[in-house]
Structures are given as structure tokens and as C-alpha cells.
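Visitor: Could you walk me through one part of this model at close range? I would enjoy a careful look, with the details tied together.

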Amino acid sequence: MLAGIKAIDKTTVHNICSGQVIVNLSSAVKELVENAIDAKATSILITFREYGKESIEVSDNGGGIDKSQFKGVTLKHHTSKIREFEDVASVSTFGFRGEALSSLCSLGRLKIHTSTGDVGSLISYDHNGNIIDIVTQARPVGTTIILNDMFSTLPVRHKQFVKNLKKEFAKTVDILQAYAMISPQRLHCVNICSKRKQVVFSSQGKSSLRENVVQILGAAVSKNLLEISIEDSVYKIFGYISKPMERCGRGSSDKQYIFINNRPCDNEKISKCINSVYRSYEKFQYPIFVLVLTINSDMLDVNVTPDKRKLFLDNEGKLLTKLESELQNMFSTYGGSYSDQSSKSITAITQLIPSGMKYPTVSQEQPTANQAYPKTIPSTSGCCSPAKSTPPVFSLEIIETPSLATEDRIDRTPVDPVDKKMKYMQQKTLFHFSLPSIKNVTCQRKDKPISQSPFVHYKHQIVASEKAESELSHTIEKDAFRHFRVIGQFNLGFILVRYKNNIFIIDQHATDEKFRFETLEAESNITCQKLINPLKLGLNGAQEDILIQNIDVFIKNGFHFKIDDSLVPGNKAQMTHSPHCKNWEFDSSDVEELLFILSDKSMTGVKNLRPSKVRRMFASQACRSAVMIGTALDQKKMYEIVGHMSEMNHPWNCPHGRPTMRHVVDLSRVS
């Protein structure tokens with residue numbers, strides 16, 4: 001019998017909810033930086049010790065915390081931003097829920113060092129947000145919040161946090177850079193590792209969005225950005241997006257920033273809209289964009305998630321439609337376009353046709369029995385439109401090429417190419433048709449009964465049964481390939497095999513291609529060539545850390561770097577060698593793609609990481625060297641190909657997606 005329903009005690013509720021507010025390193029730092037901005041600070045210093053494993057410090061020069069507020073500042077749902085629920089609709093500050101500091105107390109050891117102009121105070125708090133100790137300690141006006149041993153109260157999360165520490169740090173830096181772009185505050189980020197201080201990035205807090213974008217993303221990126229500006233009675237959109245041209249975008253979508261009322265946020269619909277339009281012009285890259293949306297506060301809901309990164313917008317469909325239309329207009333000059341200028345086009349075509357050559361003609365005049373069709377295209381200028389009572393009859397002259405099926409029809413005497421083309425343009429067929437006649441034929445087809453259709457319609461009903469379900473649930477383990485018995489080769493392209501009572505058909509080319517592809521991927525060290533001048537990559541400090549920690553992955557892919565620790569972050573790593581392989585060209589975008597893959601948690605421990613361009617190169621090489629369709633195979637070769645399937649990591653498809661094997665029949669079901 002279930003126990004009676006009772007209220008959960010406040011301490012348990014506090015611990016449960018705190019883990020939902022602060023879920024990772026970036027959410028903790030984000031809350032502290034937002035508090036500093038709300039405190040009207042002009043300069044904010046973020047200090048990590050061992051990438052945040054030991055401690056996080058956020059120091060600002062805001063107004064500080066008054067002594068009367070020491071007790072309430074870390075209590076759950078205590079805030080100075082709102083007083084009642086209606087205030088949420090008009091809130092202009094980043095924070096308003098009163099959960100951040102309380103949650104941080106629950107997850108680690110929190111201290112606050114603050115001053116409002118008098119002697120400073122250092123306050124220590126327990127996990128419930130209660131004051132443990134207050135020590136007088138001088139400091140300038142402002143506040144420093146120190147969090148030690150984050151997630152120490154949650155063993156499982158702490159283990160994951162330490163395991164993915166540098167990747168979490170990289171994502172945190174990316175979020176901090178978003179605040180540096182939109183905020184007028186100066187943000188400085190440093191990491192102290194092994195007692196050595198490293199500047200990750202530093203912003204000057206310019207009032208211009210363009211200047212901040214140049215400072216954070218770099219001048220090389222900024223020169224390839226287009227300005228976008230849309231204004232409506234309800235909203236205003238302003239920002240920058242990369243040109244849909246080669247080497248202007250990125251191999252991943254990691255540099256895309258959306259701000260709604262100056263609040264950094266995630267909006268999947270807006271991101272999808274921009275990416276969709278951009279990739280219709282440049283399908284091999286993702287755009288870099290910084291988009292600032294200003295909207296009336298009564299049309300925005302910010303109280304959706306604890307981290308306030310997800311927002312709900314009113315009239316979002318209208319906004320997306322307008323944004324898509326504006327992007328299409330902006331990008332139209334960078335892609336192919338078509339304009340309907342038929343008279344100019346026809347004139348241009350006639351000039352390309354040699355004199356004396358026949359060509360198709362179109363006329364809107366009513367033909368007579370003895371009327372000769374014009375040999376030139378009549379000009380449409382000055383022509384009167386046909387009467388409404390008499391629909392125009394179109395004449396189409398089709399010049400057909402005779403069949404070349406037999407030898408005796410071909411004149412092998414050397415002739416001029418133009419004359420040769422004219423020689424075969426001999427048969428002409430003239431069709432007369434009008435729009436009403438086409439309409440009548442269409443209506444007759446629609447009215448025709450289905451029973452008179454020459455096609456046979458099949459209908460099959462699937463009955464639910466255990467047999468049908470089991471038929472669809474066949475699974476093959478990789479070890480089973482060793483026990484396949486080869487029956488023979490079919491149609492010089494497929495291998496028929498038997499396993500127990502099942503017959504399978506194996507594509508000999510796709511299977512051999514996949515084996516060669518995985519072999520190349522695992523064993524190949526790509527040759528490289530030295531660059532005349534080392535290439536500056538323009539990475540941030542977090543990306544440089546990922547690169548240095550995974551330098552063997554880059555070397556295996558043919559990228560070599562020169563690392564100079566004496567330089568500032570962003571300039572430490574310079575590419576000295578790039579991969580070299582015949583017609584394949586590689587550049588910094590491939591490095592960025594690898595960095596993006598390595599920063600993904602799900603890719604931790606994955607072997608043989610390759611950028612997509614290298615994978616395409618290996619796939620091409622494997623395809624050309626594999627056993628081709630049409631090649632006769634002996635018994636030994638067929639067993640070799642089938643046996644290779646047990647050695648592959650993913651034997652089910654070739655690199656291009658073609659399936660390697662299909663189930664044919666279960667012999668136990670054959671009577």
C-alpha cells in the first residue's frame with residue numbers, strides 16, 4: 001500500500017529545484033554575469049580556476065550590496081526586481097526569479113565580498129543560503145561572488161562536470177562572448193591553471209554593435225558580414241549575417257547569436273529560418289549571424305524556463321515570413337537569378353544561330369492553309385492583343401533529328417560541325433493547338449470513369465499478427481557474418497548467402513567500398529604541405545585549449561600548428577602545414593569543423609575523427625578501388641568480402657548511404 005501524501009520539507013524542495021536552475025558551468029556563470037549587469041556595473045571580471053573546477057569568481061564595480069540585504073540575497077525567491085506576477089511582463093532586468101544565488105549555495109560553497117562605499121564585508125553562506133560568517137575586508141565599491149567546488153553536493157553531476165570540463169568551459173566562453181557583443185559593459189575573462197594566468201578574451205564594451213562584433217569575432221570575419229535591418233510597427237530587427245559565398249561562413253553553426261530585447265536567447269525557429277535560406281545559396285556552410293530583435297514587452301514571455309534562454313513571441317509567424325523575405329532579397333545578388341525578358345532573350349538567341357539555319361518558331365497569328373510561317377521571330381512591340389472572342393492559336397514548328405540506329409544513315413565524310421548539325425535537322429512536324437482545346441482534353445480526362453483507366457489498381461490490407469511482427473524484427477549481429485555460407489554470385493553484382501534458414505543478398509561493390517573506407521579512415525595519416533606563411537586562425541582561448549589538448553587528431557588529418565604561449569589568446573595557434581591530396585583543398589574552415597566536433601560531449605572518446613571533406617575524399621578513393629559491379633568473383637573472393645563485414649564498425653551502408661545487404665526470404669516459411 002502506498003504511503004499517504006505529505007508535503008515535502010523545504011530543504012528537500014530546495015535541493016531538488018536548485019539542480020534544475022543551475023545545470024552546468026555556463027548556466028552558473030551566466031547567472032552571475034547577469035547579476036553584475038543588473039547592478040549597473042561598467043566592468044566585469046570573470047576568473048576561472050582550473051577551468052572552473054576549483055572555483056569561479058565574478059567581480060564587478062556595480063553599486064554593491066547593502067548590509068541589510070546580506071540575509072535575503074541568497075534566500076529562495078527573494079529578489080528586488082519584481083513584487084507581483086504582473087511585473088514580469090514589463091521586467092527589463094536579466095534576472096527576476098530570485099533563484100540563482102540560492103541554487104548556487106546548494107551546489108557549492110558560496111562567498112560574497114561586497115562594498116557600497118564603506119568598509120567591505122566578506123560573507124560566507126551554507127548550502128541552505130544562511131549566513132555562516134561575516135568578516136570585515138576592504139574592497140572598492142562593487143561585488144565579488146566566489147563559488148568553490150561547484151556540484152560537490154551532486155556526485156553524479158560533479159563526475160560528469162569534471163569529465164567534460166574543457167568542453168563545458170568552451171561553451172561558457174561562447175555564452176560570455178554573446179554578452180560581450182550586446183552589453184556596453186567591459187568583460188574580461190581569465191583562467192588560472194597551474195598557477196599560470198591566461199587571458200581568454202577581453203572586450204572594450206563599445207556602444208556600437210558593429211564594433212563589438214569586430215572585437216569578438218575578428219576583423220577577418222566582420223568584413224564578410226552583411227547588414228540586415230527590418231522595422232515594423234511591432235518589432236525591429238537589426239544585425240549582421242555572413243555573405244552566402246565560399247569561405248564566408250563556417251563548417252558548423254556555433255557562431256550564431258540571437259538577442260531579444262538585448263537578452264541572449266535560443267530560438268530554434270529563427271535559427272532554422274536563417275539557416276534554411278542561407279544554405280539554399282551556400283549548401284556547404286552555415287551562416288555566422290548576430291541578430292538583435294526589439295519587440296514590445298507585452299508581446300514577449302520570458303518566464304518559460306529557469307535559465308530564461310527560451311522565450312515565447314507573439315506573431316512569430318509574421319516575423320519569420322518577413323525575415324525570410326528580407327534574406328531572400330539580400331542573397332539574390334549572390335545566387336543565380338531569372339528575369340522574364342522574352343523579347344531580349346529571343347533576340348539574343350537568334351543572333352547565335354548561323355544564317356540560313358532553321359529553328360523553332362512561335363506565332364500568335366491565325367494560320368491559313370497556304371500561309372507560310374515566318375522564318376524570323378516577329379517583334380512583339382506595336383502588336384495588338386487578339387480579340388477576346390477568338391482565343392489565339394499557337395503554332396509550334398519542331399525540327400526532329402532522324403534516328404542513327406543503322407550505319408548506313410551516317411555520313412562519315414568530314415564536314416564542318418555546323419553543316420553536320422544542319423544535315424540531321426531535316427524532319428519537321430507542325431502542330432497547331434489552342435488553349436481551349438487543351439482545356440477540353442483536360443476536362444475529358446478528369447470526367448473519365450476510373451473503370452475505363454488502362455491502369456490496374458491494387459489494394460493490399462495488412463492484418464496485425466505475431467507472424468507479421470516477427471518478420472520485421474530480424475536482427476543480425478556482426479559476428480554472424482563469419483557464419484554466412486556463400487551460395488553464389490547473382491547478376492555479376494551481388495552475393496547470395498545463407499545464414500541458418502535465411503537468404504540474404506549482399507552488394508559486392510558497396511560492401512567492399514565500406515571496408516576500404518573504414519580502413520582508410522583508421523590507418524591513413526594524410527600527407528601535408530608546408531605553408532609559405534603561418535596562417536592565423538583567430539580562435540578564442542577555449543578553442544585553442546581544445547586544439548592543444550587534441551593536437552594528435554589534427555596531425556593525423558594533416559594539420560600542423562605552431563603554438564606560442566607568450567602571445568595573447570586568439571593568436572597563440574598558427575597553422576604551419578595543411579593537408580595535401582591532388583585536387584582536394586583544405587583550409588581553416590576544416591580546422592573549425594574539427595574543433596566543433598571535439599567540443600561536442602557526445603563525441604568524447606570517438607576514434608578516427610575526420611572533417612567531412614576528408615571523409616568525402618576517403619569515400620571517393622574507396623569507391624574507385626572497390627570491386628565493381630560486373631566483376632565475376634570466385635568462391636574465395638566472395639567469402640573474403642562477406643568476412644570483412646564482421647570487421648567493420650558500421651557494415652550496413654556504404655559511405656554514400658547505399659545499403660550493403662538485404663534480407664530475401666526465410667526458408668522456414670516457404671512451403
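Visitor: Is Cys 654 buried or exposed?

Guide: Happy to take you there; keep in mind that this is a predicted model. Cys 654 is buried, since its relative accessible area is 5%, and buried here means under 20%. Its nearest cysteine sulfur belongs to Cys 623, 7.5 Å away. A disulfide needs two cysteine sulfur atoms within 2.5 Å, so Cys 654 is in no disulfide. By that rule the count comes to 0 disulfides. Seen from the other side, Cys 623 is in no disulfide either, with the sulfur of Cys 654 as the nearest one. Cys 623 has a relative accessibility of 24% and therefore counts as partly exposed.

Now look at Arg 624. Arg 624 sits in helix α18, which covers residues 612-625. With a relative accessible area of 69%, Arg 624 is exposed. The C-alpha atom of Arg 624 is 8.3 Å from that of Glu 513, although 111 residues separate the two along the chain.

If you would like to look at a sheet as well, there is an open one of 5 strands, in the order β9-β10-β13-β11-β12 with mixed pairing. Its edge strands are β9 (225-231) and β12 (263-265), each pairing on one side only. From one strand to the next, the twist averages 20 degrees. Strands β10 (residues 235-242) and β13 (residues 289-295) run antiparallel and are joined by 7 bridges. Helix α8 (residues 268-281) packs on this sheet and touches β10, β11 and β13.

Terms used:
Residues are numbered from 1 along each chain as its sequence is written. This is a predicted model: local features need pLDDT of at least 70, side-chain atom pairs count only at pLDDT 80 or more; totals for chains, interfaces and linings use all residues. Side-chain values use heavy atoms; hydrogens and water are left out. Helices (H or I, at least four residues) and strands (E, at least two) are DSSP runs, numbered from the N terminus. Buried means under 20% relative accessible area, exposed over 50%, partly exposed in between (1.4 Å probe, protein chains only). Two strands pair if DSSP finds at least two bridges between them. Axes are lines fitted to C-alpha atoms, for helices over the stretch in contact, and angles run from 0 to 180 degrees between N-to-C directions. Contact means heavy atoms within 4.5 Å.
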